[in-house]
Amino acid sequence: MPFGPVDGVGSSSVVVDTVVVTARGAADSASGTRDVLLVSERLPTGATPSPDLPMALAPAPGPGVKSIVEAIRDLVSGVAVGLPTLPNLPVVDLLRRIPPRTRSGLPLPRPDDATGVTEAIIDAVLDLDGSYLAVQGPPGTGKTYTGGHVIAALAAQGWKVAVVAQSHAVVENMLRAVNAAGLAPERIGKKAQDEHPDDAVWQSLPSGKHAVAFHAQQAGGFVIGGTKWDLTTRDRIPDGGFDLLVVDEAGQFSLADTVAVSTAARNLLLLGDPQQLPQVSQGRHPAPVDRSALGWLAQGHETLPDQLGYFLDRTWRMHPTLCAAVSRLSYDDRLAAVPLTASRSLDGVAPGVRTVLVDHEGNAVSSPEEAAVVVEEVRQLLGRRWSDPHTGTDRPLAGSDILVVAPYNAQVWTVRRALDVAGVVGVRVGTVDKFQGQEAAVVLVTTCASSADEVPRGMEFLLNRNRLNVAVSRAQWCAVIVRSRRLTDYLPTRPEQLAELGAFIGLCGPA
């Protein structure tokens with residue numbers, strides 16, 4: 001099936017008649033062009049095969065939302081019956097932004113020298129009186145590690161815990177952390193996927209009846225993982241059947257979906273960071289329920305107010321100098337680095353954030369000039385002694401120790417081509433969305449646009465503080481921002497634009 005060149009195709013699903021077509025752009029690694037479109041077809045359930053070739057490409061229908069809508073409707077109907085009195089429900093407390101209600105009537109316990117933050121969170125959850133608790137975990141602070149230990153400790157005390165997130169991958173990552181914290185695989189279950197991973201530490205539950213059977217056979221506490229569809233399907237998850245529902249990556253989980261899944265448990269625990277990337281998929285919800293659950297709760301604050309939950313304020317990833325820049329950018333100067341991060345070293349390279357200014361004109365979504373600078377920066381870094389006593393690392397810096405982050409796929413391909421031509425291998429190149437959760441010794445950020453006049457999606461996208469935060473905070477030692485000298489020469493028209501511009505200039509510092 002011949003197709004002409006398609007610019008900017010990454011990965012998408014489209015419908016042709018009754019056939020779902022998955023299209024992927026293929027790149028020529030030598031030239032960097034993207035002129036091959038591979039189309040594979042698969043039939044949706046119940047569709048009739050057709051021998052005809054596709055006549056058009058159109059977006060695929062989204063997944064069904066019947067169970068989600070019904071869960072929200074049932075909850076709202078129950079609330080309406082008791083008006084003007086509001087019920088004591090975790091999602092009602094969340095929507096009202098009131099402090100978590102506790103059985104003791106006391107405020108949330110605070111960590112001290114004798115009680116670490118994990119123990120404080122466990123004590124707080126045990127004291128919840130049908131309410132919620134929020135935990136904000138900036139980059140490298142061990143949010144998943146903390147969540148895994150909290151969940152395992154509660155299950156060990158007989159709690160029935162559910163874990164939900166935007167994707168199966170995020171759920172499975174948390175389930176692995178729960179198992180690493182000591183909970184046996186026999187007490188962890190998850191809705192089955194097409195393939196059961198070889199390293200799975202949970203029981204695969206291929207259907208609703210298997211989930212019900214899993215519940216019944218557990219003598220004590222256990223953990224079930226799934227998506228919002230799993231948590232709102234009543235033949236799989238009974239209404240209110242859990243003691244605690246953990247919403248992982250709650251900075252990407254919409255408030256509307258949080259309302260829906262909240263019906264599965266008597267308490268809520270929100271884990272995430274509203275200062276990182278927003279929801280990766282957008283629902284058609286009116287404001288404010290289109291916002292993330294943690295974004296709603298934080299209400300414009302960079303860090304979570306203490307009365308609403310916990311802010312994990314120590315990172316094991318970034319050098320103190322780099323951490324200070326990130327903390328100033330996104331965390332009210334409350335984020336600090338643990339002492340061991342200062343014991344690392346990269347020979348001849350200062351830690352922190354550095355800026356390289358490049359002169360170019362007329363570039364919008366790609367810049368060969370910045371790509372050339374990126375290649376030169378990489379060459380200057382490769383082979384330098386990289387030491388991390390905490391992990392026993394002491395070797396020359398390799399390409400795999402470097403990340404290059406670009407705002408647009410066109411610049412990703414331009415940088416990738418420049419690195420290939422230069423014979424540089426192993427360097428990871430991609431947009432910031434690709435690298436959330438990853439880390440490297442050094443991160444290079446290329447902004448690629450010559451000036452504000454050339455930016456196709458507006459400076460609000462290019463200088464978005466959350467995206468900059470994620471990009472720079474991937475680094476353990478230093479981040480290098482490669483940008484046009486004229487990029488910041490413009491006058492914002494709204495206060496929030498001025499704030500973003502000021503934050504970017506402050507992050508770049510002296511060039």
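The legends below describe close-up views of a predicted model.

**Figure 1. Overview of the predicted chain and its secondary structure.** The chain comprises 511 residues, of which 49% are buried. Its secondary structure consists of 16 helices and 22 strands. Among the contacts with a separation of 6 or more, 72% are between residues 24 or more positions apart.

**Figure 2. The crossing of helices α3 and α4.** Two packed helices are described by the angle between their axes and the distance between the axes. Here, the axes of α3 and α4 (residues 143–156) come within 10 Å and cross at roughly 45°. That angle makes α3 oblique to α4. The contact is formed by T118, I121, I122, V125 and L126 on the α3 side, and by T146, H149, V150, A153 and L154 on the α4 side. The crossing of α3 past α4 is right-handed.

**Figure 3. Buried residues of helix α3 and their surroundings.** Helix α3 spans residues 117–127. Within α3, the residues T118, A120, I121, I122, A124, V125 and D127 are buried. The elements that cover these buried residues include β5 (132–136), α4, β10 and β12 (309–311).

**Figure 4. Helix α11 and the elements packed against it.** Helix α11 runs over residues 368–381 and has 14 residues. From first C-alpha to last, α11 reaches 20 Å, close to the 20 Å expected at 1.5 Å a residue. Its buried residues are E370, A371, V373, V374, V375, E377, V378 and L381. They pack against the strands β15, β16 (352–358), β19 (402–405), β21 (440–446) and β22 (475–484), and against helix α12 (409–421). After α11 comes G383, which has a positive phi near 90°.

**Figure 5. The environment of E377 in helix α11.** Is E377 buried or exposed? E377 counts as buried because its relative accessible area is 14%, and the cut-off for a buried residue is under 20%. Leaving aside residues up to four places away in sequence, E377 touches R354, V356, L444 and V480.

**Figure 6. An open sheet formed by β15, β17 and β18.** The 3 strands of this open sheet follow the order β15-β17-β18, and their pairing is antiparallel. Strands β15 (345–346) and β18 (393–396) are the edge strands, each pairing on one side only. Strand β17 (residues 385–388) pairs with β18 in the antiparallel sense over 4 bridges. At one position, W386 has R395 in β18 as its bridge partner.

**Figure 7. The cis peptide bond between L83 and P84.** L83 and P84 are joined by a cis peptide bond with an omega of about 10°. P84 is found in the loop that links α1 (66–81) to α2 (90–96).

**Figure 8. Positive phi values at R97 and E249.** R97 is a residue other than glycine with a positive phi, near 60°. R97 is placed in the loop between α2 and α3 (117–127). Its relative accessibility is 22%, and R97 therefore counts as partly exposed. E249, also not a glycine, has a positive phi near 50°. The loop that holds E249 lies between β10 (244–247) and α8 (255–261). With a relative accessible area of 24%, E249 is partly exposed.

**Figure 9. P320 in helix α10 and its contacts.** P320 is placed in helix α10, which covers residues 320–330. How far apart in space are P320 and P339, C-alpha to C-alpha? The two are 8.0 Å apart in space, and 19 residues apart in sequence. With residues up to four places away in sequence not counted, P320 touches A337, T341 and A342. The relative accessible area of P320 is 31%, so P320 is partly exposed.

Notes
Residues numbered from 1 in each chain as written. Predicted model: local features only at pLDDT ≥ 70, side-chain atom pairs only at ≥ 80, totals over all residues. Heavy atoms only, no water. Pairing = 2+ DSSP bridges. Helix = DSSP H or I, 4+ residues; strand = E, 2+ residues; numbered from the N terminus. Buried < 20%, exposed > 50% of the residue type's maximum accessible area, 1.4 Å probe, protein only. Expected span 1.5 Å × (residues − 1). Contact = heavy atoms within 4.5 Å. Axes fitted to C-alpha atoms, helices over the stretch in contact; angles between N-to-C directions. Parallel < 35°, antiparallel > 145°, perpendicular 65-115°, else oblique. Left-handed = near helix turned anticlockwise from the far one by under 90°.
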